[in-house]
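Open your viewer, load the model and get ready to click around. We'll go stop by stop, and at each one you'll hear what to select and what is there.

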Amino acid sequence: MFLQRSAVAVARRAAVSPLVRRTLTTTAVRRDAVQDASAQSAKIKTFSEIKSSTDLVGPGAKPGTVPTDIEQSTGLERLEILGKMESVDIFDMRPLDSSRKGTMENPIPVRSAGDEQYAGCTGVPADSHVVTWLGMSRERPIERCPECGSVYKMEYVGPTDDGHGHHDHHGFEEPKTFANFVKPQYW
């Protein structure tokens, strides 16, 4: 009885090999595929060689290897990596000017390629209050920080037309804020 149980336990633990091994024809097909893929490997283009969006697709990795970021990235991520390799800041990630307080006559510029942009104000001098996030848009490009009073102005640097062909936004009206009711002489 004890011998019977242990034989069953050993049989359960034993590695089971497949009854049918991989055939020779599939190995030959796979070997041909590897040779074709290595013949098609393309040169990685530099940042200055990028001319259209089709150039932003990487060649991929050779079969059997782990791809690097430059080999597998596509689109904007690839453009950013290629730019960093040549010391070009694609997305202009520099911090905003915090050496002065923005005024209505001389606001702190915030560049944006989109219709909306958020900027975080930490006060003047820097880190004098917690971060206050200010939302600016093309319709309302100037915002004032409620904590320190610094003024920020969005400068739109994107394309002139968004390509949608409609700008009325289906009757949407910007909600009124307290700034709509302040007398002009107080600005």
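Helices (H or I, at least four residues) and strands (E, at least two) are DSSP runs, numbered from the N terminus. With that in hand, you can find cysteine 148 in the loop between strand 4 (142–144) and strand 5 (151–156). We'll come back to that cysteine soon. Keep in mind that what you have open is a predicted model.

**Stop 1: the whole chain**

Colour the protein by secondary structure. You should find 4 helices and 5 strands. Follow the chain from the N terminus and the elements run α-α-α-α-β-β-β-β-β.

Now switch on the surface. Its accessible area is about 14800 Å², and 57% of that belongs to carbon and sulfur atoms. Of the 187 residues, 17% are buried. As for contacts with a separation of 6 or more, 39% are between residues 24 or more positions apart.

**Stop 2: the annotated set**

Select Cys121, His129, Cys145 and Cys148. The UniProt annotation "binding site", from an unreviewed entry, covers these four residues. Why can we say that they gather at one spot? They span 28 residues in sequence, yet no two of their C-alpha atoms are more than 10.8 Å apart, so they do gather at one spot. From this set, Cys121 is part of the lining of the largest pocket.

Zoom in on histidine 129. You'll find it in the loop between strand 2 (116–121) and strand 3 (132–137). Is this histidine 129 buried or exposed? Its relative accessible area is 15%, so histidine 129 is buried, as the cut-off for that is under 20%. Show its contacts, skipping neighbours within four places in sequence, and you get Cys121, Thr122, Gly123, Cys145, Glu147 and Cys148.

Next, click on cysteine 148, as promised. This one counts as buried too, at 17% relative accessibility. Which residues does cysteine 148 touch, not counting those up to four places away in sequence? They are Lys101, Cys121, Gly123 and His129.

**Stop 3: a neighbour in strand 3**

Select threonine 132, which sits in strand 3. With a relative accessible area of 14%, threonine 132 is buried. Leave out residues up to four places away in sequence, and threonine 132 touches Ala119, Gly120, Cys121, Cys145, Pro146 and Glu147. Two of the names there, Cys121 and Cys145, should ring a bell: the "binding site" annotation from UniProt covers them.

**Stop 4: some backbone oddities**

Time to hide the side chains and look at the backbone. Here's a bit of background: most residues other than glycine have a negative phi, and most peptide bonds are trans.

Go to proline 125, in the loop between strand 2 and strand 3. The peptide bond from valine 124 to proline 125 is cis, with omega near 0°.

Now jump to the loop between helix 4 and strand 1 (108–112), where you'll find serine 87. Serine 87 has a positive phi of about 60°, although it is not a glycine. This serine 87 is exposed, with a relative accessible area of 72%.

Aspartate 92 is also in the loop between helix 4 and strand 1. Aspartate 92 isn't a glycine either, but its phi is positive, at about 50°. With a relative accessible area of 31%, aspartate 92 is partly exposed.

**Stop 5: helix 4, inside and out**

Last stop: select helix 4, residues 75–85. Two leucines here are worth a click.

Start with leucine 82, which lies in helix 4. Leucine 82 is buried, and its relative accessible area is 3%. Turn on phenylalanine 47 as well: leucine 82 and phenylalanine 47 are 35 residues apart in sequence, but 5.2 Å apart in space, C-alpha to C-alpha. Not counting residues up to four places away in sequence, leucine 82 touches Lys45, Phe47, Ile50 and Ile70.

Then click on leucine 76, also in helix 4. Leucine 76 is exposed, with a relative accessible area of 57%. Which residues form a nonpolar patch on the surface with Leu76? Add Phe91 and Met93 to your selection: together with Leu76 they make up that patch, with about 350 Å² of accessible area.

Definitions and conventions
Residues numbered from 1 in each chain as written. Predicted model: local features only at pLDDT ≥ 70, side-chain atom pairs only at ≥ 80, totals over all residues. Heavy atoms only, no water. Patch = residues over 30% accessible without salt bridge, like charges linked within 9 Å, V, L, I, M, F, W, Y side chains within 5 Å. Areas by Shrake-Rupley, 256 points an atom, 1.4 Å probe, with all protein chains shown as cover. Salt bridge = Lys/Arg side-chain N within 4 Å of Asp/Glu carboxyl O. Buried < 20%, exposed > 50% of the residue type's maximum accessible area, 1.4 Å probe, protein only. UniProt positions renumbered as here; feature names shortened; annotations may be inferred. 1 Å grid on protein atoms, 1.4 Å probe; cavity = no way out; pocket = protein on both sides within 12 Å on 5 of 7 lines; lining within 4 Å. Contact = heavy atoms within 4.5 Å.
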